[in-house]
Amino acid sequence: MSPFDLVIKYWLALAAGIVAGILPRGEFPARRRVALGLITALTVLSVQWLWPVEGAAAEATADEWPHLLNVLIGMPILGAVGVLFIPRQMLSLVRGFTLVVLGVGFVVSLALLTVPMTPGWHFQFIKDWIPSLGIRWHVAVDGISLWLILLTTFIGPIAAYASFGSIKTQVKELCFCLLLLQGAMLGAFVALDLFLFFVFWELMLVPMYVMIGIWGGAEKIKAALKLFIYTMTGSMLMLAAMVYLAWTHQRLTGVWSFDYLALSQVVLSRPAQMMCFWAFSIAFFIKVPMWPVHTWLPDAHVQAPTGGSIILAAVMLKIGTYAYLRFSMGLFPGPASSLAANLAGVAILGGIIYGALVAWKQADVKRLVAYSSVAHLGFVMLGLFGVTPTGIQGAVLQMVNHGISTGALFLLVGVIYDRRHTRLISEFGGIAKVMPIYTALFVLVTFSSIGVPGTNGFVGEFMIIMGTFTSERLGTFAGIHTIGASAGVILAAVYMLSAVQRVFFGPLTHPKNKGLSDISPREMVAIAPLVLMIFVLGMFPSIFLDRMKDSVAMAYDQFKTVSGQAILFADEQQAKLLPADTFSPAFLKGAPGVKEEGEPEAPPEAGDEGVQGAAPTRRDGVLADRGGDR
């Protein structure tokens with residue numbers, strides 16, 4: 001294709017980039033205008049690229065490079081090691097190296113979009129890690145985790161860039177933490193071996209603990225310890241349940257395995273199902289967080305530096321919601337189905353309503369945004385508890401929406417804190433007169449947060465409410481839950497618009513506010529990608545929903561089928577293995593003892609039975625019980 005053809009094809013992106021680069025004047029240096037133009041052009045280009053084309057799925061001829069996910073995980077982790085060898089006095093090199101690693105990671109992650117997200121696993125890579133225990137390096141992506149991976153790689157460079165503007169000490173250590181945290185979060189989203197997932201789950205806690213403990217506010221040690229204790233408590237429960245599941249699998253098959261696909265076939269007795277479901281779910285509810293295990297979040301957000309708050313809100317909390325969908329609902333569909341109505345009630349009363357009311361009464365604007373996360377993630381969990389295709393799609397989309405909107409809010413709060421060194425709402429008032437551009441951006445992001453149509457927050461909340469109303473799992477309570485969720489939308493507008501009114505409008509009474517400078521070119525470059533994505537997600541949600549719908553449909557169908565089977569099997573009060581044909585062959589691709597197309601491998605030769613790593617034999621479609629429940 002000639003350069004002229006490229007210009008004709010992508011004229012809209014080129015024009016948008018030129019306009020965005022020309023418009024800023026005044027204090028905006030040329031390099032900042034170029035950056036804004038490039039960000040705008042890439043955003044428009046991404047919409048053109050992602051726009052669904054009829055028949056595109058049939059042309060899915062692109063090869064899936066099996067090492068792509070390994071590169072995404074390994075690049076920031078190796079980058080963290082590389083930072084240690086750069087002299088700390090070379091601040092520009094340390095910062096530049098970190099931004100390059102994170103930026104290249106985002107570009108590489110775009111390769112995930114080259115393959116249509118058909119049902120099943122993509123870019124799958126499997127390698128034995130600890131064969132004697134059946135632990136494997138098993139990573140893969142589907143339509144559910146796709147956008148969360150891209151959200152992580154998208155937010156990482158923005159959070160690092162924002163951090164470098166306010167943190168001037170121990171920059172080398174900060175870069176190490178940012179890179180290590182990035183690799184751990186990506187690993188948690190793609191791990192399909194439970195032991196591997198646990199390693200990444202714990203690994204990402206360490207750099208966040210350090211970031212809050214070193215660069216946090218006045219009560220940073222208290223906040224860091226609270227985060228660590230809460231998370232570790234849930235982690236120990238989850239680890240115990242993982243070991244019990246793997247042990248049960250070994251009793252039933254003679255083979256140890258921590259693989260998610262293999263353990264999905266294990267159906268525990270009813271008491272064991274319930275205990276393991278709660279062990280997993282409590283760990284995830286703490287990470288979300290849900291009431292009543294949410295109290296660590298406001299402290300962590302308020303004390304964390306701006307970059308840490310952005311990552312915590314935009315990505316780390318989503319690992320809890322994602323893990324509940326993937327593991328709690330995937331491994332224990334019976335309890336997840338039977339407890340759906342009760343959990344949805346907690347999500348509404350203890351999350352959406354409580355979070356909104358507490359946010360309304362906050363005097364600190366950063367704490368207000370922190371409690372708003374409790375309310376918004378209550379919506380996400382409600383969509384998952386309802387277990388409808390519409391609700392699950394809305395929940396996944398809302399995970400991305402919340403990451404964009406709340407990440408932008410924390411970034412903007414950091415801007416005003418750098419100027420006034422206070423976040424108390426009473427210290428402001430009328431600053432729209434001296435910071436008009438900043439005010440316009442904050443109001444826009446506020447509209448996104450409360451779900452105004454045309455912004456990204458609207459579509460996800462609407463789909464969740466519709467999924468709640470039509471949910472079979474919620475039964476007669478579906479209508480009541482829908483009313484409660486709708487009330488939460490109204491309360492979100494109340495607490496956010498009330499804060500905007502008190503901070504930005506009215507008389508400019510405080511003398512210190514009269515000399516405030518408007519948003520700087522550097523800060524504009526940091527916020528611009530988030531603002532653009534607010535409109536992309538709000539105006540073109542289908543380009544995101546289309547790539548997840550097949551994976552969500554498969555997960556929903558499997559949940560319905562397996563939850564019914566699990567309840568029947570659990571009545572026998574002993575552990576069993578579900579038949580392999582209960583699951584889609586696309587789901588079982590890569591499972592231990594299963595060929596790529598989902599068919600079982602040939603049974604081991606006589607005399608090999610019980611050898612570690614041997615494929616379990618089958619009887620009447622069910623894996624044989626080798627020394628199982630005795």
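This passage walks through the fold, the aromatic pairs, the cavities and a few unusual backbone spots of one chain.

The structure is a predicted model, so local features are reported only at pLDDT of at least 70 and side-chain atom pairs only at pLDDT 80 or more, while totals for chains, interfaces and linings use all residues. Residues are numbered from 1 along each chain as its sequence is written, and side-chain values rest on heavy atoms, with hydrogens and water left out.

To start with the overall picture, the chain has 24 helices and six strands. Helices (H or I, at least four residues) and strands (E, at least two) are DSSP runs, numbered from the N terminus. Of the 630 residues in the chain, 59% are buried; here buried means under 20% relative accessible area, exposed means over 50%, and partly exposed is in between, with a 1.4 Å probe and protein chains only. Contacts (heavy atoms within 4.5 Å) often span long stretches of sequence: among those between residues at least 6 apart, 78% join residues at least 24 apart.

Next come the aromatic rings. A pair of aromatic rings is described by the distance of the centres and the angle of the planes. Rings of Phe, Tyr and Trp (its six-membered ring) pair if their centres lie within 6.5 Å, and planes under 30 degrees apart count as stacked, over 60 as edge-to-face and the rest as tilted. By this rule there are 27 aromatic pairs. Take F285 and F385: their ring centres are 6.3 Å apart and their planes stand at 85°, so this pair is edge-to-face. The pair links distant parts of the chain, with F285 in helix α12 (residues 270–287) and F385 in helix α17 (residues 365–386), 100 residues apart. Both F285 and F385 are buried. F458 and F462, on the other hand, make a stacked pair, at 5.9 Å centre to centre with 20° between the planes. These two sit four residues apart in helix α20 (residues 456–469), which separates F458 and F462 by about one helical turn. F458 is partly exposed at 31% relative accessibility, and F462 is partly exposed too, at 46%.

The helix that carries this stacked pair is nonetheless largely enclosed by the rest of the structure, because ten of the 14 residues of α20 are buried. Among them are N456, G457, V459 and E461.

Ring pairs also build a cluster out of W121, F197, W201, Y260, F280, F284, F327, F332, F583 and F587. One member, W201, has the charged end of K287 over its ring, 4.9 Å from the centre. A charge sits over a ring if NZ of Lys or CZ of Arg is within 6 Å of the ring centre and within 35 degrees of the ring normal. R423 does likewise with Y417, its charged end sitting over the ring at 4.7 Å from the centre.

What about empty space inside? A cavity is a set of points, on a 1 Å grid over the protein atoms alone, where a 1.4 Å probe fits but cannot get out, and lining residues have an atom within 4 Å of a point. Grid points are joined across faces, edges and corners, and a volume is the space filled by probe spheres set on the points. The whole structure holds five cavities of 30 Å³ or more. The largest has a volume of about 240 Å³. It is lined by 19 residues, of which Y260, L325, G330, A555 and Q558 lie nearest its centre. Two or more lining residues come from each of α14 (306–331) and α23 (542–570), and α23 gives the most, with seven. The second largest cavity has a volume of about 70 Å³, and R423 is one of the residues that line it.

Finally, a few backbone spots stand out. Most residues other than glycine have a negative phi, and most peptide bonds are trans. The peptide bond from V288 to P289 is cis, with omega near -5°, and another cis bond joins W291 and P292, with omega about 5°. P289 lies in the loop between α12 and α13 (296–303), as does P292. V387, not a glycine, has a positive phi of about 50°; V387 sits in the loop between α17 and α18 and is buried at 3% relative accessibility. H421 has a positive phi of about 55°, lies in the loop between α18 and α19, and is exposed at 58%.

Definitions and conventions:
On a 1 Å grid over the protein atoms alone, a cavity is a set of points where a 1.4 Å probe fits but cannot get out, and a pocket is an open set with protein on both sides within 12 Å along at least five of seven lines; lining residues have an atom within 4 Å of a point.
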